[in-house]
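Student: I would like a close look at the largest pocket of this model. Which elements and residues line the largest pocket, and how many residues does the lining hold?

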Amino acid sequence: MNKEGKCLEYYFDSKTFTKDQLIKNIEEAKLEFPNKKVETNLFLNEWGVYILKINFKDKIEYVSDLKEKRKNRKVLLLTE
């Protein structure tokens, strides 16, 4: 399984958007989804395009917890 989880990328023209506008919109969007664990990364590339990468961490933790529970259950069944 992918260790990074679900990742989305968005591209914004630096002539149209400022970094402050993008950061403000990111923070407002995070408030709309309080139960999601989201990691964002915003940077300007060499061609003047802002790249916003959004990584969702919830799915990774859920699947790893599920795998751990299955592993523990198998161990318990084998030891009985």
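Tutor: Four elements, β1 (6-13), α1 (19-32), β2 (38-44) and β3 (49-56), each contribute at least two residues to the lining of the largest pocket in this predicted model. Helix α1 gives the most, with 5 residues. The space in the largest pocket is about 350 Å³. Its lining holds 17 residues, and those closest to the centre are Y10, I26, A29, I54 and F56. By character, the lining comprises 13 nonpolar, 2 polar and 2 charged residues.

I26 merits particular attention. This residue lies in helix α1 and counts as buried because its relative accessible area of 12% is under 20%. Apart from residues up to four places away in sequence, I26 touches T40, L42 and L52. Between I26 and L52, the C-alpha to C-alpha distance is 9.4 Å, although 26 residues separate them in sequence.

I26 also belongs to the largest nonpolar core, whose 6 residues are L22, I26, L42, Y50, L52 and I54. Both α1 and β3 give two or more residues to this core, and β3 provides the largest share, with 3 residues. Another member of the core, L42, is in contact with K19, L22, I23, I26, Y50, I51 and L52, once its neighbours within four places in sequence are left aside. Thus I26 and I54 appear both among the residues closest to the pocket centre and in the largest nonpolar core.

How values were computed. Residues numbered from 1 in each chain as written. Predicted model: local features only at pLDDT ≥ 70, side-chain atom pairs only at ≥ 80, totals over all residues. Heavy atoms only, no water. 1 Å grid on protein atoms, 1.4 Å probe; cavity = no way out; pocket = protein on both sides within 12 Å on 5 of 7 lines; lining within 4 Å. Points joined across faces, edges and corners; volume = space filled by probe spheres on them. Nonpolar A, V, L, I, M, F, W, Y, C, P; charged D, E, K, R; others polar. Core = buried A, V, L, I, M, F, W, Y, C linked by side-chain atoms within 4.5 Å. Buried < 20%, exposed > 50% of the residue type's maximum accessible area, 1.4 Å probe, protein only. Contact = heavy atoms within 4.5 Å.
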